[in-house]
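Open your viewer and get ready to make a few selections. We will go step by step, and each stop tells you what to pick next.

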Amino acid sequence: MASVVAILDLKGKPLIQRSYRDDVSPSNLERFLPLVLELEEEGNQVTPCFSSQGINFMHIRHNNVYLVAMSKRNTNAAEVIVFLHRLVQVLVEYFKELEEESIRDNFVIIYELLDEMMDFGYPQTTESKILQEYITQDAYKLTVAPTAPITVTNAVSWRSEGIRYRKNEVFLDVIESVNLLVNSNGAVVRSEILGSVKMKCYLSGMPELRLGLNDKAMFESTGRTPHGKAVEMEDVKFHQCVRLSRFESDRTISFIPPDGEFELMSYRLSTPVKPLIWVEAAVESHKGSRVEYMVKVKAQFKRRSTANNVEIYVPVSDDADTPKFRASTGSVQYAPDKSAFVWKIKQLGGGREFLMRAHFGLPSVKNAEDSERRPPITVKFEIPYFTVSGIQVRYLKIVEKSGYQALPWVRYITQHGDDYSLRTALEKGSAPIVPM
Amino acid sequence: MNRAAPKKGENYELRADLNSEYREKRKDAIKRVIANMTVGKDVSGLFPDVLKNMQTEDIEQKKLVYLYLMNYAKTQPELVILAVNTFVRDTDDPNPLVRALAIRTMGCLRADKIIDYLADPLQKCLRDENPYVRKTAALCVAKLYEMKPELVIDNGFLEQLQDLVSDANPMVVANAVTALSDIHVAATSEPSTSGEPQPGVFNINTHILSKLLIALNECTEWGRVSILTALSRYKAQDDKESEHICERVVPQFQHANASVVLAAVKVIMIHMRHVHRPDLVKQLVRKMAPPLVTLLSAPPEVQWVALRNISLLLQKRPDILQNEMRVFFCKYNDPSYVKVEKLDIMIKLAGDNNVDSLLSELKEYASEVDVDFVRKSIKAIGQCAIKLDSSADRCVNVLLELIGTRVSYVVQEAVVVMKDIFRKYPSTYEGVIPTLCANLEELDEPEAKASLIWIIGEYANKIDNAAELLEVFVNTFVEESYAVQLQTLSAVVKLFLKKPDSAQGLVQKVLNTATKDCDSPDVRDRAYIYWRLLSTDPAAAKAVVLAHRPPITLPRTTVPPIVLEELIGDISSLASVYHKPAETFIGKGRLGADALQRKAAEQDDEVSAQKALQEIAAGQQAENLLDFDDVPADEDRPTGLAATSFTSTPAAANLISGKSTNPLDDLVSIFGGASMEVPQQPPRANGLGGLSSPIAADPFASLGGGASRTPGLGSGVTSPVPTQSRQQQPQEDLLGLF
């Protein structure tokens, strides 16, 4: 529950605010930034929630704005923080970009959204697709006033009745993101696969869908034996359209989908993953004159697959200059804004291996303040037609009372997650880490 | 209203436009008015002009006017009345969107005049055929209750809300539950005149329970949060019912919304107290782990809330995430508030099977750039050593490697940590001492200096050049901070007692300097006492100064059990995030002794109130012990790691024996144990009071330690670091009472 929700600029000035309850005066917003600065100054963590003089501030940061909620009660912090993120999501879907400028330009509609998304401090409708049905930017274009928002309170609150398509189609994208951390001694310290099934639904009426995956738990619960490999998903999260109790009882994924694009489910596996793209860097640093890198990349997946748009970010120190590169494939660029150089390879075939050398000059006088930063090497890539977990869509059944035939299309892709990183190799000459 | 409004200026122009004959122009003017309102300009003077535009078919314009009214209704109460007619008419509009908008806005106006007109349309809207209107009206009852509770009761709105809980539409059910819960909180938190706690207005019975469980599977994510929160308040009739609730709630773990997941965790944790079938408990715990881990893929702020809650859950059920330590490894780009929480959880999960990978991670963190995080990582290595005896050797090795880096703050923190390890494993790592002493000159932080001096004093007989090393500090005695002075003093005396011949001159010198040239009364006092002891009874001096110290352990919990129980019941709320009971930060309340007592009595697990109070007394101390930032380095106590038994704390003892009659006295002594400014407390009233036995052994040390914390005297180290000022507030509040 939130008494006030506001968006502040970086100077702490409210760009827009909405008061939902009387117990907290919006003027308390003025205290927000000074409190943050004070915490920082004292060397403390600025945590997403903090309390001062009986007021609890809960905030998130997005681009150049803060989204802040205030409350006096022992409120549900998780709910409020998730709501603020949802607010960002909705505003981004409305205006593409959420920042100071777009907030100033669209204050009228933001007020409307704030009014609709939260009432008396309790979150209401936060599905932007539904909101867009009756809160539109071009209200004046509408000849008829928007009428009953049936969907808002439908038992199926995420889908309107009477949707019609000439061609009924469903597109399924199974996207797996790999997060992985490799230690400087080459051991995989942590790895996880975050999978997501995204759907584009162009179906008429109120279709009932059933999705079958090669889910190990499903085979176990039904007593059937899988034809190929079965995958054990550690945790599965569903869009609110999926009947959770049904899934709990027999692992069936059944639902009435929203119209258009949405994320049907996400899942997580923490089975150890062999690094699909392996990168090794040897660094030879001559303090005060130059530093050399030798980077090796290896595609550790089957030959029939290919990784596209591979980008390898190798961090270099801020004061490096005069870059020189030589690569056996792809192109290399210096990205001083990221304190790194980027090796880009358009297509990297399975099993292939390439080398790259980089040479930088270093200033002769070392900045004393500049301590040894050692950010990890990060890698971006995507491998189409392949899921690292081996998950597969076995079937997608579509039943609608009019009995039409619909075509499901499935695509698979494996890509880097938000943290695919390999810790930089130690400098040549220094002692390697002793395995304990 | 200012009648003599100026004939020009922006407001004048706006007024003209608001009264324009062209629709578009009027609407545009309203937008400009709202724009001005948004940037904080006062446009309240235009109230009547804006009001004229309320009656319109254009729903967007209507919304804008409503928005304006919500903002200024309070300042123009007598004009709001003019809007009532339109509002009431709008609640009859054929468009349900307009009906809902009108009833929602009326509830937000908060002007007395309008409230009296609210009852009739609200009555109507609660029975509206459209669920969107009904769900909006349900919340409006809560709004009305906040302003005029008697109106809600007189009109029977509460009964109507109860009826809506059985509504066919899950969204309406959810909002009815939300409204009832909100009213329940408002009603029960009000101070009652009779002294009795107010009876709740939303008491969930088995009938409502079944309705809630059905609606839970059908309503929107936020509705689920609200229903789950209500379920957590339900008192199950028997174990069977608890089991039933758990089974029905478990599927919610699969929801994509993190707050639904946490709300479900809360319900399960609460109702699991009454589940006695071991297989079911095991199953529930097993099912809880994966969703908790998945929360770590959420945005960082959500992760943080989840991590704070996981920390509590682990204290209650250490087995939940047994094999999941790796997922808590810090990502390079994690915000530091996330990293710190992850460190905390990693230590909680540390065990013999994973300590190797943990140590190599911690070592990695110790080479990052964020100084604060580096220090905390090094501290974590020390905690690891103290938690797992078998890992101590490896921890010490890592620390030595870190000392080898010669990065100043790394070395200093490592020295502080080493002192704790010496404390836990006396005489085990003496081989390390030369390496530590080699870094003597690089230390410039009082805490690190004090730690090293303590080590030298403690092992004076094993260090050949101890006298030489200490002499450095004796020579600069007056320039050092008090913490270092106190340590130097004790160390030199220890040296003298162990090797009388080599330190005769040194001890004379330090006692002289400390008693004559030192401006801290603590240091002076301690020096005088040492002096007197040494000159009258060397044997007694030995018994006191070289007393055996009890070993230290890493406590499994950071909050006292009874508070933990309360916080577990508050999962996902602010209390669970702060790790503080709600009463300590929700402003209105000061935590009174009777409140504590009542709470203790309310606990389901029949813990006696006395025991509870004792635990709280002890807990307050434990809490201080565990606030790493908070605990100054004084005497030979390991920073933040020590927690020995709390058996003989006088405050607690008082309570148990029931000697004191005034509950407030109890409280003073309870908190006195933890905070430092209570005069009637014996000298041992310092934050580390938990160490009861060394007091007897080393009273002078405590004397010094305790007194040096008086405000104004505290040096850089001894004054409490303000990190936790928020958390300390309640204690200060309490002290302010007297």
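Keep in mind that this is a predicted model. Begin with domain 2 and domain 3 of chain A, whose centres, taken over C-alpha atoms, are 34 Å apart. Where these two touch, domain 2 of chain A supplies 5 residues and domain 3 of chain A supplies 7. Colour the domain 2 side of that contact by residue class and you will find 2 nonpolar residues, 3 polar ones and no charged ones.

To select the domains by number, use 4-147 for domain 1 of chain A, 169-273 plus 388-420 for domain 2, and 277-384 for domain 3.

Next, show both chains together. Their contact draws 76 residues from chain A and 88 residues from chain B. Now highlight helix H2 of chain A, residues 77-95: with 6 residues, this helix gives the most to the side of chain A that touches chain B. By class, that side of chain A holds 35 nonpolar, 23 polar and 18 charged residues.

For the last stop, move to chain B and select helix H8 (residues 119-126) and helix H9 (residues 131-147). How do they pack? The axes of H8(B) and H9(B) lie 8 Å apart, at an angle of about 140°, so the two helices are oblique to each other. The crossing of H8(B) past H9(B) is left-handed.

Show the side chains here: H8(B) brings B:Leu122, B:Cys125 and B:Leu126 to the contact, while H9(B) brings B:Val133, B:Arg134, B:Ala137, B:Cys140, B:Val141 and B:Leu144. By class, this helix contact has 8 nonpolar residues, no polar residues and 1 charged residue.

Technical notes. Residues numbered from 1 in each chain as written. Chains lettered and ligands numbered in written order. Predicted model: local features only at pLDDT ≥ 70, side-chain atom pairs only at ≥ 80, totals over all residues. Domains from an automatic or database assignment. Nonpolar A, V, L, I, M, F, W, Y, C, P; charged D, E, K, R; others polar. Helix = DSSP H or I, 4+ residues; strand = E, 2+ residues; numbered from the N terminus. Axes fitted to C-alpha atoms, helices over the stretch in contact; angles between N-to-C directions. Parallel < 35°, antiparallel > 145°, perpendicular 65-115°, else oblique. Left-handed = near helix turned anticlockwise from the far one by under 90°.
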